[in-house]
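Below is a short structural report. It takes up the ligand, the protein interface and a few points of backbone geometry.

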Amino acid sequence: MKTNGHQIDMNETVISIRNLYKSFGEKHVLQGIDLDLHKGENVVVLGRSGTGKSVLIKIIIGLLKPDAGTVNVLGEEVDKLEDAALRALRLKVGFSFQSSALYDSMTVGENLAFPLTRNNRDMSKEQIRKTIDIVLEAIGLPGTINQLPSELSGGQKKRIGIGRTLILRPEIMLYDEPTAGLDPITSMELNKLIVSVQERFNTSSIIITHDLTCAKEVGDRVAVMDEGKFIREGKFDEVFSEKDGLIKSFYDYNFIQ
Amino acid sequence: MSSTNEKSDKPVITAKIDGFFLHFYNIAAFVGRFFREAFRPPIEWGEFVRQCYQVGYKSLALVTVTGFITGVVFTEQSRPTLSEFGVTAWLPSLVAIAVVRALAPLIAALICAGKVGSSIGAELGSMKVTEQIDAMEVSAINPFRYLVVTRVMAMTVCLPLLMFYNALIGCLGSYFDVHAHEQTSLVSFFDNAFAQITFLDYTTALTKAILYGFTIGIVSCYQGFNASQGTMGVGKAANVSVIVSMFLIFIEEVIIVHVFNSIR
Ligand SMILES: Nc1ncnc2c1ncn2[C@@H]1O[C@H](COP(=O)(O)OP(=O)(O)OP(=O)(O)O)[C@@H](O)[C@H]1O
Ligand SMILES: [Mg+2]
């Protein structure tokens, strides 16, 4: 299968989630999630605020533990891995935070170098510098290398956050609301960035958002989440052609925006 | 593994008592993890040195001033009593014993708890609530080793140094006061002062300082690492770091004094 000029291999699943449950005390957040991500595919997860989208991808990367269900990433059961094996897996999975989560005591260059130097201790200074330059160029922010995160705009921070995960050359990218809180033009640029990252680095991605333009632009498939479950799944046009209440209200809301 | 706290649903006794024991269990687990991670290579030397600079060098001014003042004040306060018995010649050794046995370890520790403990609590706390610690986790970096081990080590190494420095400055302060009143020379003052201090005194002081440094490091890293509830949690982590560190330091002081006095 081929979309947007990239290759999707429907026979190879890189992430497979079955029957996932997660509660915080009395609060039942995820209530039976099933999801597959194929190699080379961009899946967009849509849903209202507080439905548990961030919780879902934090479970995928092993920051939170599920109460029940299985999460298989690149052939490994994430919640059963020992620390060392989990770290090895995380090298192959990039995670871009909703809040960017840049290290605010470090410059942009140091932010990008940090994952590199900690994970490849014998890399030379020139190699590191070269890798940083390549990534900064890919995310469209050359020349920010000596700036502190506090001197960057929200959109720039998001890009650096994405760059920091790209620097380890992940096979899978998980984006938590890459366009939230950004103006439409910057959002469009970020959508383009996500697509170009996928084509250039040949990643498979899960993109979480409530932004329908983003979903339409970058998603090969969209999954709509409500109250801890996926209620719709399929191609963007299929899902949003249905004129049922929830999808329509979501659509209208975005339209008014 | 994960740095997020998760609570089980049903309390065993009452939620409060459960929480109290859970808290102790968590701190013990934190200490255990420190010893498991601390000596496994690779050691983060760069960050360790940076933290030593933060702990040591940046507390130096405060430790100097307080040490000097302690020496002067303690000498001034002791003089009337000693002169009643005509033994002001004992001043140097009295001050030295007081400073090395009791004052210097406590003063250095309390200053570090206030200055460094609060800043570690706030720094790690804000890294926690802004997901920077999680960001390390997902980049396959061990945040515990990078952030906690280096800071606890730096505290443990630097506090003894600060303590001995504080003791020295304390004695120097005392010398200036004694020199002004009793016209002693520097050499005879320090001869007198250190003649009375035994090897056991130094050992006690060193043990205290190492333990206090470790306590401050562990307590403030633990508070920061487990901060929650946004910016409020950061303030709380800083605040609680100082209070708990100081409280534990006094408890440890009592225990160590009893143990070493029974050896003496
Ligand atoms: N560590 C936690 N402890 C307790 N409750 C949590 C925790 N993390 C998330 N929750 C709860 O889980 C629910 C889902 O949160 P989540 O962050 O996944 O929402 P979301 O779908 O990402 O929303 P948004 O679009 O606003 O980012 C929320 O109600 C939140 O209160
Ligand atoms: Mg979210």
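In this predicted model, a polar side-chain atom of A:Ser54 sits 2.7 Å from an oxygen atom of ligand 1. A:Ser49 also reaches ligand 1 with a polar side-chain atom, at 2.4 Å from a ligand oxygen. A:Thr51 uses its backbone instead: one of its N or O atoms lies 3.3 Å from an oxygen atom of ligand 1. The table lists these polar distances to ligand oxygen.

| Residue | Atom on the protein side | Distance to an oxygen of ligand 1 |
|---|---|---|
| A:Ser49 | polar side-chain atom | 2.4 Å |
| A:Ser54 | polar side-chain atom | 2.7 Å |
| A:Thr51 | backbone N or O atom | 3.3 Å |

How much of ligand 1 does the protein cover? On its own, ligand 1 has 630 Å² of accessible area, and the protein covers 67% of that. The ligand is placed between chains A and B. Its surroundings comprise 15 residues, of which A:Lys27, A:Ser49, A:Lys53, A:Ser54 and A:Glu177 come nearest. By character, the shell holds eight polar residues, four charged ones and three nonpolar ones.

Which elements of chain A build this shell? Strand β4 (27-39) and helix α1 (53-60) each give at least two residues. The largest share, three residues, is from α1(A).

**Interface of chains A and B**

Next comes the contact between the two chains. On the chain A side 29 residues take part, and on the chain B side 22. In chain A, the residues that lose the most area to chain B are A:Leu63, A:Arg87 and A:Tyr103, which together make up 25% of what that side buries. Between them, the two chains bury about 2300 Å². Carbon and sulfur atoms account for 53% of this area.

Polar links also cross the interface. Seven residue pairs, both members at pLDDT 80 or more, are in polar contact between chain A and chain B. On the chain A side, α2 (83-90), β8 (93-96) and α3 (108-119) each supply at least two of the residues that touch chain B. That side of chain A divides into 15 nonpolar, ten charged and four polar residues.

How many salt bridges span chain A and chain B? The rule finds four across this interface. One pairs A:Arg118 with B:Glu44, and the closest N and O atoms are 2.1 Å apart. Over all chains, a search of the whole structure gives 21 salt bridges. Another pair is B:Glu131 and A:Lys58, whose side chains meet at 2.7 Å, N to O. Why does this pair join two chains? B:Glu131 is in the loop between α3 (91-129) and α4 (132-138) of chain B, while A:Lys58 is in helix α1 of chain A, so the salt bridge links one chain to the other. That same helix α1 of chain A also supplies at least two residues of the shell around ligand 1.

**Chain B and backbone geometry**

Chain B has eight helices and zero strands. Along the sequence its pattern reads α-α-α-α-α-α-α-α. The C-alpha trace of chain B spans about 70 × 45 × 35 Å along its principal axes.

Where is the cis peptide bond? It joins B:Pro41 and B:Pro42, with omega at about -5°. B:Pro42 belongs to the loop between α1 (15-38) and α2 (45-84) of chain B.

Chain A has a backbone point to check as well. A:Asn19 is not a glycine, yet its phi is positive, at about 50°. A:Asn19 is part of strand β3 (residues 9-24) of chain A.

Definitions and conventions
Residues are numbered from 1 along each chain as its sequence is written. Chains are lettered from A and ligands numbered from 1 in the order in which they are written. Side-chain values use heavy atoms; hydrogens and water are left out. Contact means heavy atoms within 4.5 Å. Buried area is the accessible area (1.4 Å probe) that two parts lose on being put together, summed over both. A polar contact is a pair of N or O atoms within 3.5 Å; within protein, one must be able to donate a hydrogen and the other to accept it, and residues adjacent in sequence count only if both atoms are side-chain atoms. Helices (H or I, at least four residues) and strands (E, at least two) are DSSP runs, numbered from the N terminus. Ala, Val, Leu, Ile, Met, Phe, Trp, Tyr, Cys and Pro count as nonpolar, Asp, Glu, Lys and Arg as charged, and the others, Gly among them, as polar. A residue is near a molecule or strand if one of its heavy atoms lies within 4 Å of it. Accessible areas come from the Shrake-Rupley method with a 1.4 Å probe; for residues, only the protein chains shown count as cover.
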